[in-house]
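Q: Please take a close look at the small open sheet in this structure, and then at the open and enclosed spaces found in the same model. I am new to it, so a connected account would help.

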Amino acid sequence: MISPLVSADPTTLDPEEIFAQLPPNRCGESDRAYMEEVLADGFGNRESADMLGRFETAFAEKFGVDYAISHNSGSGTMLSALLAQGIGPGDEVIVPSCTMASTAFVVCQCGAVPVFADSDPRTFNMDPADVARKITEHTRALIPVSLFGLPADYDSLLLLADAHGLALIEDNAQCFLATYNGRLAGTFGAAASFSFQGSKHMTSGGDGGMVIAGDEDYARDIRKAAVCGYRTLEARPGSTMIPRDERQDWSYQRHDQVGYNFRMSAPQAALGLGQLQRLDYLVAARRYIASQYEAVIRDTRCAWLTPPYVPENTTHSYWCYTCTLDEEMLGADWRTFRKAFIEHGGDGLYGVWTPVHLEPIFQNIEDRAPNFDPRYKGQVKSYNEGDCPNVEAFRRRICLFKTGMQTLDKVRAQVDALGATIRYFAGSNSIASPTA
């Protein structure tokens with residue numbers, strides 16, 4: 001079993017030690033051992049090997065909270081958290097426009113209206129000043145996204161939430177074990193959502209998610225929203241099935257609310273539990289990789305790539321390494337830079353999403369959208385260019401470098417590719433050679 005790290009700071013850990021704990025294909029001995037327990041116990045109308053309860057208990061302990069509710073995806077987690085808050089038709093929920101669209105979709109799926117906030121051009125996270133401008137009498141919740149692994153500006157957002165009586169639900173799909181003012185991201189809001197989709201810091205076999213919460217009643221309602229609205233479900237770990245003596249009795253009344261079926265499977269939980277045990281190393285690896293990209297930019301004195309900004313009170317967990325490209329200084333556009341990076345051995349280069357308010361689905365909303373529900377008395381009937389000017393401006397200049405490599409050889413290949421690309425554009429005037 002892997003021992004937890006005292007520190008995940010890449011400056012204090014030997015990279016060989018970090019990557020020795022990471023299986024190249026992301027599936028290690030503990031994952032297989034827990035999966036074998038599930039397979040040995042078999043499958044039926046019960047929880048195999050109590051794997052969901054064990055995973056939920058371990059996850060809650062990792063984050064120092066009372067309750068963790070497993071889900072089959074990181075989208076289901078947020079929808080359950082909203083439904084458990086009673087959010088529905090007639091309500092507004094403020095979300096960032098710079099994020100994956102699911103953060104807005106779940107608002108629509110519970111019948112509420114998403115209101116898009118602009119982002120801070122340094123951190124790329126939701127801008128509290130713009131949030132303040134967009135709060136109305138219809139606003140019920142805020143969903144800040146700790147984007148790319150950097151925690152949101154919780155102090156400012158919590159002040160707004162408290163002043164207006166709003167629920168704050170954290171979307172931490174990309175942010176594991178990063179801190180804000182010494183506290184783990186995920187421990188600030190009424191609830192926090194984590195994703196185990198395959199690109200994230202840890203996975204439960206390609207998809208999955210978890211909600212953490214501190215209030216028992218709220219956690220129970222999240223569970224019920226995620227598991228068919230069964231009346232007697234509880235917040236306690238593993239409470240995803242109705243006890244046999246209850247469900248076998250003909251008089252048992254099962255449902256006291258509408259719920260979805262977002263349950264995680266036992267094999268997913270087995271893989272998640274194995275990954276959780278090496279989460280410190282998984283995060284440490286991404287931080288080390290980020291430090292190596294940063295060393296290349298520094299050592300080559302590359303002025304046209306700006307490394308990610310990290311506020312003094314915050315630590316970053318680097319779901320990816322996010323740079324801003326100055327096309328004018330480089331003398332080439334983003335696509336040309338990406339093509340050169342691939343030609344020099346880079347494993348692709350991601351751009352940021354289209355701002356969600358400019359996605360076709362939100363540019364062409366029809367009368368069946370929550371915005372036109374007769375119970376909604378607010379003013380948001382369309383989404384337009386100019387609604388989030390910072391996001392619209394920086395979207396074309398963002399370079400997302402991968403940090404999910406599991407071996408040092410792959411890390412060095414990507415870092416060398418970036419160095420070679422920088423030298424290619426610098427020509428013979430390169431100042432220094434990058435080191436991995």
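A: Two strands count as paired here if DSSP finds at least two bridges between them. With that in mind, and remembering that this is a predicted model, the sheet can be described strand by strand. Three strands form an open sheet, in which the order is β10-β11-β12 and the pairing is antiparallel. The edges are taken by β10, residues 305–306, and by β12, and each of these has a single partner strand, so one side of each is left without a neighbour in the sheet. Between β10 and β11, the latter covering residues 320–325, the antiparallel pairing runs over two bridges. Leu305 has Leu325 of β11 as its bridge partner.

Two helices pack on this sheet. Helix α11, which spans residues 279–299, touches β10, β11 and β12, and its direction makes about 25 degrees with that of β11. Helix α13, residues 334–343, also packs on the sheet with contacts to β10, β11 and β12, while its direction makes about 20 degrees with that of β12.

From the sheet we can turn to the spaces, beginning with the largest pocket, whose volume is about 840 Å³. It is lined by 38 residues, of which Gln197, Gly198, Ser199, Lys200 and Trp319 are the closest to its centre. The edge strand β12, residues 398–402, is among the elements that give two or more residues to this lining, and the others are α4 (74–84), α5 (102–109) and α16 (408–426). Sorted by class, the residues lining the largest pocket are 14 nonpolar, 16 polar and eight charged.

Enclosed spaces are found as well, since a search of the whole structure gives two cavities of 30 Å³ or more. The largest cavity has a volume of about 50 Å³, and its lining includes Thr322 together with Pro308, Tyr309 and His316, as well as Arg122, Thr123, Phe124, Leu147, Phe148 and Leu150. Thr322 falls within the residue range of strand β11, 320–325. The lining of this largest cavity is made up of six nonpolar, three polar and one charged residues.

The second largest cavity holds about 30 Å³ of space. Its lining consists of His201, Leu282, Ala285, Arg286, Thr403, Gly404, Met405 and Gln406, which by class gives three nonpolar, four polar and one charged residues. Among these, Leu282, Ala285 and Arg286 lie within the range of helix α11, residues 279–299, the helix that packs on the sheet described above.

How values were computed:
Residues are numbered from 1 along each chain as its sequence is written. This is a predicted model: local features need pLDDT of at least 70, side-chain atom pairs count only at pLDDT 80 or more; totals for chains, interfaces and linings use all residues. Side-chain values use heavy atoms; hydrogens and water are left out. On a 1 Å grid over the protein atoms alone, a cavity is a set of points where a 1.4 Å probe fits but cannot get out, and a pocket is an open set with protein on both sides within 12 Å along at least five of seven lines; lining residues have an atom within 4 Å of a point. Grid points are joined across faces, edges and corners, and a volume is the space filled by probe spheres set on the points. Helices (H or I, at least four residues) and strands (E, at least two) are DSSP runs, numbered from the N terminus. Ala, Val, Leu, Ile, Met, Phe, Trp, Tyr, Cys and Pro count as nonpolar, Asp, Glu, Lys and Arg as charged, and the others, Gly among them, as polar. Contact means heavy atoms within 4.5 Å. Axes are lines fitted to C-alpha atoms, for helices over the stretch in contact, and angles run from 0 to 180 degrees between N-to-C directions.
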